[in-house]
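Okay, thanks for squeezing me in. Let me put the thing on screen, and then I'll walk you through the helices, the ligand and a couple of backbone oddities.

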Amino acid sequence: MALIEVKVPDIGDFKEVEVIEVLVKQGDSISKEQSLLTVESDKASMEIPSSASGIVKDLRVKLGDKVSEGTLILLAEAADPQTSNIPSKDISPNSEAPVGTKMLEEAQKTSALPEKSNSDSKPSSVSLESQAEQTVFVPDIGDFQEVEVIEVMVKPGDTIKAEQSLITVESDKASMEIPSCAAGVVKSVLVKLGDKVSMGTPLITLATASSPAASKAPSPAEISMATPATPPAQAERRHPVPEEMRAATDKDRTKPHASPSVRAYARELGVDIARVPGTGPKERITQDDVRNYVKAAVAAVAADTSPGRAGTISTATAGASLNLIDWPKIDFAKFGEIQTQPLSRIKKISGANLHRNWVMIPHVTNHEDADITELEALRLKLNEENAKAGIKVTLLAFLIKAAVAALKKFPEFNASLEGENLILKKYFHIGFAADTPNGLMVPVIKDADKKGVFEIGKEMSELAAKAREGKLSPAEMSGGCFSISSLGGIGGTYFTPIINAPEVAILGVCRSSTRPVWNGKEFEPRLILPLSLSWDHRVIDGASAARFNSYLASILADFRRIIL
Ligand code: CAO
């Protein structure tokens, strides 16, 4: 069946806007106009809709990519072959840009101050001046009427700079910040959350050094007439926020930073988005962040069994409901020289997941020793036989096969907990922790039960290389049933791996060493592999965990058992 190319439509003058969310994945069934990506410029975010319906066969963009008009987003198998080559009217490069696109365009236009005064100029916001006070109005935001105010970023008494964002407005597909055209002290804020605003709506009154009071809202004609009042220095400026100021704005950001669909999702769940920690780029709040926040809050409530409290919904954050004292705030520089190093994006994302998993899952870890003397001899022999072909397998490939055998024998380990149900999986996708310069990543070997040790070894080294280069796709990190974290190449004896939710167990492996083992008559040198299995006590009990470990060790001791 023919594949359709779905590309980024006309997004005005915008080139190289960053992809901050990918809303679909391989295999998804998509419909025309469904949002595929969220992109972000300095001042606005927008969702890019699909031009066709079908099934996603090949996703060509990932988080952090820069896209422009015409960038190929994905190849889809057409739902209806008749329409497969006909791009959606709305996204044809020559047609009118879609609503979100247009809003982004307008946001960019309106946030850039005009080079010269003319009737087409779009001021960053509009003011009428009098002696002491200035009123700042919503500028020309294109065809958009009655867009909802979803954030008010200033309050009376605030000292603001020209170009500082005053409010965020949102349509169905895009959000944008409306900046102030002037600097001064906010005297009053004339809009509130939920208000609907259009061009000319008064936003704030501002006391400026030499400014005067406004009387009435300007007509569009007055808006363009107001433009010449822009100081010449600003009139020359093409960018709304100078680089240094933009950096400061991002750094000092205290307001939630999320796309329209995420905000809508949070509203639907009754979540105050300002309380949700963002793990996306620039601390942007993703749909997963909202979901995780809700899960944590619900779990905290469920855990609170104090009289009269069980089953009630707390409005406190999950952390607060744990009744923890505040994190110590210490000025380390008082004690010696320091250097502040921001966490990498991957560390922030994996850290948030590890934290949630550690707090929410009742972990227990069982340790076991596996005698891998014979297995290591087999591995070395196979590597020797295949050396000419450049094929080499490490122990981890055998461990993945052994884990699959144990998961088949103990199905509750190949499961996920969903409310009061256990979802038992009939497939065997095994994740392995890979140490990368940017932090921990967990690529997944799909259908490990159907693959041999060599195939697994090859796939593992390719995925580990991709992980280190930061090139893993989301599909290559999803769908895992059980994970293995091997520190065998590095060292150590035993450790406590954290379960990779929604999985229910994880195997930690340390470095094997030759130890004296009593064989009934004498001590014999045997190669012993330390295993550490962490498991979710809500799903698995200690006896099952001991059985799982001991079965795993028996397979590793005599790999022929895997066929039994
Ligand atoms: N005992 C003794 N030696 C071991 C061993 C073990 N358990 N496991 C691996 N080795 C040896 C290998 O055989 C190899 O030796 P040679 O070079 O002599 O053949 C060497 O150690 C290096 O192996 P490796 O680490 O490159 O390969 P691997 O297949 O074992 O692991 C990978 C691949 C991607 C899992 C690993 O490189 C890695 O990133 N490990 C870290 C995982 C991690 O960070 N876990 C912690 C998560 S919690 O923060």
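Quick bit of vocabulary to start: axes here are lines fitted to C-alpha atoms, for helices over the stretch in contact, and angles run from 0 to 180 degrees between N-to-C directions. Helices (H or I, at least four residues) and strands (E, at least two) are DSSP runs, numbered from the N terminus.

Before the numbers, the caveats. This is a predicted model, where local features need pLDDT of at least 70, side-chain atom pairs count only at pLDDT 80 or more, and totals for chains, interfaces and linings use all residues. Residues are numbered from 1 along each chain as its sequence is written, and side-chain values use heavy atoms, with hydrogens and water left out.

So, helices. The axes of α10 and α11 come within 9 Å of each other, crossing at roughly 120 degrees. That makes α10 oblique to α11; under 35 degrees would count as roughly parallel, over 145 as roughly antiparallel, 65 to 115 as roughly perpendicular, and the rest is oblique. Next pair: α10 packs with α12, residues 542–557, at about 135 degrees, axes 9 Å apart. These two are therefore oblique to each other as well.

Now the ligand. Which residues come nearest? Of the 21 around the ligand, the answer is K392, T394, D435, R468 and S512, where "near" is a heavy atom within 4 Å. On polar contacts, meaning N or O pairs within 3.5 Å, an N or O atom in the K392 side chain is 2.7 Å from a ligand oxygen. R468 also uses its side chain, with a polar atom 2.9 Å from an oxygen of the ligand. D435 instead brings a backbone N or O atom, 2.9 Å from a ligand oxygen. Overall, the protein covers 68% of the 960 Å² of accessible area that the ligand has on its own, by Shrake-Rupley with a 1.4 Å probe.

Back to our helices: α10 (395–409), α11 (453–468), β22 (434–436) and β25 (482–486) each supply at least two residues of that shell. The biggest giver is α11, with three.

Last, the backbone oddities. A501 and P502 are joined by a cis peptide bond, omega about 10 degrees, and P502 sits in the loop between β25 and β26 (505–509). Then there's E33, in the loop between β3 (29–30) and β4 (35–40): its phi is near 80 degrees, positive in a residue that isn't glycine.

That's my lot, over to you.

Conventions
A polar contact is a pair of N or O atoms within 3.5 Å; within protein, one must be able to donate a hydrogen and the other to accept it, and residues adjacent in sequence count only if both atoms are side-chain atoms.
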